[in-house]
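User: Please take a close look at one part of this protein, the sheet with its central strand and the elements that pack around that strand. I would like one connected account that I can follow with the model open beside me.

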Amino acid sequence: MTEGKGASAQVMRSMHPEIQTIRIGYLPLADCASLVMASKLGLDEKYGIKIELSREMSWAGVRDKLNNGELDAAHVLYGLVYGVQMGIGGQQRDMAVLMNLNHSGQAVTLSAALAREGAHDGPTLARYMRGAARPFAFAHTFPTGNHAMLLQYWLAAHGIDPLRDARVMTVPPSQMVAALRAGQMDGFCAGEPWGYKAIVDGVGVTAASSGAIWPDHPGKVLGTSAAFARQYPNSCRALIAAVLEAGRWIDASDTNRLAMAATLAEPAYLNTPQEMLAPRILGHYQDGLGKTWDETHGLKFYAEGAVNFPCLSDGMWFMTQHRRWGLLRDEPDYLAVARQVNRIDLYRQAADMTATPLPASSMRSSTLCDGVVWDGSAPEAYAASFAIGHFF
């Protein structure tokens, strides 16, 4: 009996977090919610760690602080992590995706001036641009990031070559609405609350929710360096478990979602009125032109674990788009890179700790807005299959 207790204690010690305080960066966006609530609800302490949140101003700043060790982990763009891994979104460094934090919850916004001219969605924008003699500019939040890839995919799906028919530029999310108001761009793709704020301020309209571009697409991830995950696997496992529980709490009810929105609204986090956050957190959308709808593929944080599993095919998709747009000059080994970056081993262990269901496969299948199916099975062919692309 004593021997058994000793062995059990040894196992517990071997699972104990190597470090207790984990410095985590985030941008003030609605999809950082599960990290904030993991801290606010004390779920981090339940697993023997303490989340120390750091509000950042730009994705480039998050990248740099992950690289120099100022941050241990971050709420970060999926595509940014893969860009750094491949040496195209900054200096190459081996990275790790611990889990997916959310699905959907972004939007493509067009200027109200364009909408007044009749360009308010993909087809009408394409027609307007064909007949106009002036240049066009659209903004995303980071060159290899989710918003850049979703924006360019959406434009190309409507026959607009984003690199030839327009100029794409990088703007921090918090500056999007001001830049749109100033006429510095014709539209942007970013996370909330900026799409909704453009409508409230009367300077933009929602042309497409990101869920309409790719239903239940991967969003921000909990990212870190491969070195950190290798050195502190128990701390990473505990962190994943805490955030899984927070996501489950958020998705449990609209009451919890509203409580989460109230927390995010606080000066310490987004410093944004709750009424600016709540509608789209609850899935209630309007386009600024009188149309309202409940978004089927809106912002989700758990969905019985379907949100959070770091699917290999999700990471591979970003590499196919980096290849499509000429960011990756050589064909990567898509599956091998995804297996290296996405730490499914740590995720599975944390899922077991939290009774989170696991999918049957590490791949998933999706049909995007152009009707093309992505399932990760033939990434090279998929990347080369688009009529609009920029291979070198």
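Analyst: What follows goes from the sheet to its strands, then to the helices around them, and ends with the core and the second sheet.

The model is predicted, so local features are described where pLDDT is at least 70 and side-chain atom pairs where pLDDT is 80 or more, while totals for chains, interfaces and linings use all residues. Residues are numbered from 1 along each chain as its sequence is written, and side-chain values use heavy atoms, with hydrogens and water left out.

The sheet is open and has five strands in the order 2-1-3-10-4, with mixed pairing; strands and helices here are DSSP runs (E, at least two residues, for strands; H or I, at least four, for helices), numbered from the N terminus, and two strands pair if DSSP finds at least two bridges between them. Strand 2 (50-55) and strand 4 stand at the edges with a single partner strand each, so one side of each is left without a neighbour in the sheet. Direction ignored, neighbouring strands are turned by 35 degrees against each other on average, where axes are lines fitted to C-alpha atoms, for helices over the stretch in contact, and angles run from 0 to 180 degrees between N-to-C directions.

Strand 10 (220-225) has strand 3 and strand 4 beside it in that order. Strand 3 and strand 10 run antiparallel and are joined by five bridges, and within this pairing A74 stands opposite G223 of strand 10. On the other flank, strand 4 is likewise antiparallel to strand 10 and joined to it by five bridges, with A96 having T224 as its bridge partner. Strands of a sheet pair through backbone hydrogen bonds, either parallel or antiparallel.

Six of the six residues of strand 10 are buried, so this strand is largely enclosed by the rest of the structure; buried means under 20% relative accessible area, exposed over 50%, and partly exposed in between (1.4 Å probe, protein chains only). In a regular strand the side chains alternate between the two faces of the sheet. In strand 10 both faces are covered, with K220, L222 and T224 buried on one side and V221, G223 and S225 buried on the other.

Which helices lie across these strands? Helix 2 (residues 33-40) lies across strand 1 (21-26), strand 2, strand 3 and strand 10, and runs at about 135 degrees to strand 2, while helix 13 lies across strand 1, strand 2, strand 3, strand 4 and strand 10, running at about 30 degrees to strand 4. S34 is found in helix 2 and is buried, with a relative accessible area of 1%. Leaving aside neighbours within four places in sequence, S34 is in contact (heavy atoms within 4.5 Å) with L101, V243, A246, G247, I250 and F301.

Helix 4 (residues 59-68) also reaches strand 10. Its residues W59, V62, R63 and L66 are buried, and, seen down the axis of helix 4, the buried residues fall within an arc of 100 degrees, so they line one face of the helix; the arc is that of the directions from the helix axis to the C-beta atoms. These buried residues pack against strand 3 (73-77), helix 5 (78-85), strand 4 (95-100) and strand 10. Just after helix 4, G69 takes a positive phi of about 90 degrees.

The wider setting is a nonpolar core, meaning a set of buried Ala, Val, Leu, Ile, Met, Phe, Trp, Tyr and Cys residues joined through side-chain atoms within 4.5 Å. In the largest one, of 126 residues, L125, F188 and W317 touch the most other members, and the largest share, 10 residues, comes from helix 13 (residues 233-251). Domain 1 (3-104 + 219-384) and domain 2 (106-213), whose bounds come from an automatic or database domain assignment, both give residues to this core, so it lies between them.

The second open sheet also has five strands, in the order 7-6-8-5-9 with mixed pairing, and strand 7 (167-170) and strand 9 (204-209) stand at its edges. The twist of this sheet averages 25 degrees from one strand to the next. Strand 6 (residues 137-140) pairs with strand 7 in the parallel sense over four bridges, and H140 stands opposite T170 in strand 7.
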